[in-house]
Amino acid sequence: MNTSSMSTCDIKIWRTWALAITHEAGAYTEQKFNAEKTGGEPVIPSPNLDTDLVMACDRLADVLIKAYKNPIKMQIDIARYSKLISPKNTGHNEEKEEKLLERCPPGHEGTKLVDKPATIIDVSSTIIAWYLPDALTETTQKEIRAATDLLGPSLEKSVKADGNWRYNQEWFKQGSENGHENLSDPEVSASLKGPSSENILKAIARPAAIASAALRVMHPQQYFAGLRALSHLGDKALSKELPQMPETLQYWASVFNSLSIISNRETPNHRDHLSIPECLIFSPPWGTILMLG
C-alpha cells in the first residue's frame, strides 16, 4: 500500500483509499451547505472530484438545505422514547407498541403527508429524521442498480428461507444484546471475499461517497467517528497482517463499516437494539429516493 496519507486531526487516511475521495466530497458538500445556509461565498470543489460526483454533491447539498429550512415538529421526547425501548420492544407486538406510544405519544393525530424535503424534530428541536426526496442524481441511481446486479449471485445464495421470505420472521431476528463472547481480530465479510468483490466496491463508490457526505452534514460527530474507526482498522490491518483487509479498505468508500441490502419492498417492523440512539441510519431506496436518519 502507498504510504502517502492525508491527516485530519488524529485521523489518518491513505491517499490511495477510495475513502480519501469520499472525505473530499464530504468536505465540499458541508462547505456548500453552510454557504447556502448563511449566504456565504460560492464554494469551489476539489479538482480530485470528477464531474459526476460534483454534480451529485451539488444536488445533495441543495436538498439538504431545503430539508433544513422545512422542520416539522413533533411533540415527542426522542431521548425518553429511546430509553424506554428494550429488546422486548421488537416492533412485532402491537400491544407493546401501543403501550410504548401511550408513554411517549408522538403529539399528533392521523397521518401527515410529507412530499418535499424536510427534517423531523422533537420537543427539544433535536433532528430525529431527514427526508430527502430526489437527493440522488439519475447517474447515482443507475450506479446503485448496477451494483445490485453484481450482488445478484450472492443474494441468490443467501435467500434460503422456506415459505414467503418477505414475512419470514427468521430473517428479521433481533441481534444478540451481549455481542460476541470472544473478541477476535476484524475480518472481511464473506460477501467481499469473492472474485467480484473489487468490482462491487468500485460500483458502489460514488453512492457510498454521497451517503457519507450527507452524514457529514447531518451528524458530523458520527461521520468522524466512522472515519476514525476505519483509520484505526487500516493501521491494525497492516500491523497484524489481517488477510484481505488492506486490499478491501483500499476500495471501501463509506464511513459506515457495513452495508445491508433489503431486496424487498416491504419488511416486518423490526428494530436494531445494537445501535445507539444518537446515531443515524440510512435507507436509500430508488423510485422515490429518500435518506432517513
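Student: Which residues in helix 2 do Ile21, Ala25, Tyr28, Thr29, Lys32, Phe33, Glu36 and Lys37 in helix 1 meet?

Tutor: The model is a predicted one. Helix 1 covers residues 18-38, and helix 2 covers residues 51-68. The listed residues of helix 1 meet Leu53, Val54, Cys57, Asp58, Leu60, Ala61, Asp62, Leu64, Ile65 and Tyr68 in helix 2.

Student: How are helix 1 and helix 2 oriented to each other: parallel, antiparallel, perpendicular or oblique?

Tutor: Their axes are 9 Å apart and make an angle of about 40°. The crossing of helix 1 and helix 2 is right-handed. Angles under 35 degrees count as roughly parallel and those of 65 to 115 as roughly perpendicular. The two helices are therefore oblique.

Student: What is the orientation of helix 1 to helix 9?

Tutor: Helix 9 takes in residues 220-239, and its axis is 12 Å from that of helix 1. The helices cross in the left-handed sense, and they pack at an angle of about 160°. Angles over 145 degrees count as roughly antiparallel. Helix 1 is therefore, with respect to helix 9, roughly antiparallel.

Student: Which residues in helix 9 are met by Leu19, Thr22 and His23 in helix 1?

Tutor: Leu19, Thr22 and His23 are among the buried residues of helix 1. In helix 9 they meet Tyr223, Phe224, Leu227 and Leu230.

Student: How far apart are the end C-alpha atoms of helix 1?

Tutor: Helix 1 has 21 residues, and at 1.5 Å a residue they should span 30 Å. The computed separation agrees with that expectation: 31 Å.

Student: Which residue follows helix 1, and what is its phi?

Tutor: Helix 1 runs over residues 18-38. The residue after helix 1 is Gly39, and its phi is positive, near 75°.

Student: How many of the 14 residues of helix 8 are buried?

Tutor: Helix 8 spans residues 205-218 and reaches 20 Å from its first C-alpha to its last, close to the 20 Å expected. A residue counts as buried under 20% relative accessible area. Helix 8 is mostly covered, and its buried residues number 13.

Student: Which strands stand at the edges of the open sheet?

Tutor: The sheet has 3 strands in the order 3-4-5, with mixed pairing. An edge strand here has a single partner strand, so one side of it is left without a neighbour in the sheet. The twist from one strand to the next averages 25°. The edge strands are strand 3 and strand 5.

Student: What angle does the direction of helix 2 make with that of strand 5?

Tutor: Helix 2 packs on the sheet. It touches strand 3, strand 4 and strand 5. Its direction makes an angle with that of strand 5 of about 130°.

Student: In strand 5, which residue is the bridge partner of Ala118?

Tutor: Strand 4 (residues 118-121) and strand 5 (residues 127-131) pair over 4 bridges. The sense of that pairing is antiparallel. The bridge partner of Ala118 is Tyr131.

Student: Which residue in the hairpin of strand 4 and strand 5 takes a positive phi?

Tutor: The hairpin has 5 residues between its strands. The residue in question is not a glycine, and its phi is near 65°. With a relative accessible area of 44%, it is partly exposed. This residue is Ser125.

Student: Is Gln244 buried, partly exposed or exposed?

Tutor: Gln244 is found in the loop between helix 9 and helix 10. Although not a glycine, Gln244 has a positive phi of about 65°. Its relative accessibility is 36%, while buried means under 20% and exposed over 50%. Gln244 therefore counts as partly exposed.

Student: Leaving aside its neighbours within four places in sequence, which residues is Asp235 in contact with?

Tutor: Asp235 is found in helix 9 and is partly exposed, at 30% relative accessible area. Ile13 lies 222 residues from Asp235 in sequence but 9.9 Å from it in space, C-alpha to C-alpha. The contacts of Asp235 are Lys12 and Trp14.

Student: Among contacts between residues at least 6 apart in sequence, what percentage join residues at least 24 apart?

Tutor: The protein has 10 helices and 5 strands. Of its 293 residues, 37% count as buried. The share of those contacts that join residues at least 24 apart is 73%.

Conventions
Residues are numbered from 1 along each chain as its sequence is written. This is a predicted model: local features need pLDDT of at least 70, side-chain atom pairs count only at pLDDT 80 or more; totals for chains, interfaces and linings use all residues. Side-chain values use heavy atoms; hydrogens and water are left out. Two strands pair if DSSP finds at least two bridges between them. The expected span of a helix is 1.5 Å times one less than its number of residues. Buried means under 20% relative accessible area, exposed over 50%, partly exposed in between (1.4 Å probe, protein chains only). Axes are lines fitted to C-alpha atoms, for helices over the stretch in contact, and angles run from 0 to 180 degrees between N-to-C directions. A crossing is left-handed if the near helix is turned anticlockwise from the far one by less than a right angle, and right-handed if clockwise. Contact means heavy atoms within 4.5 Å.
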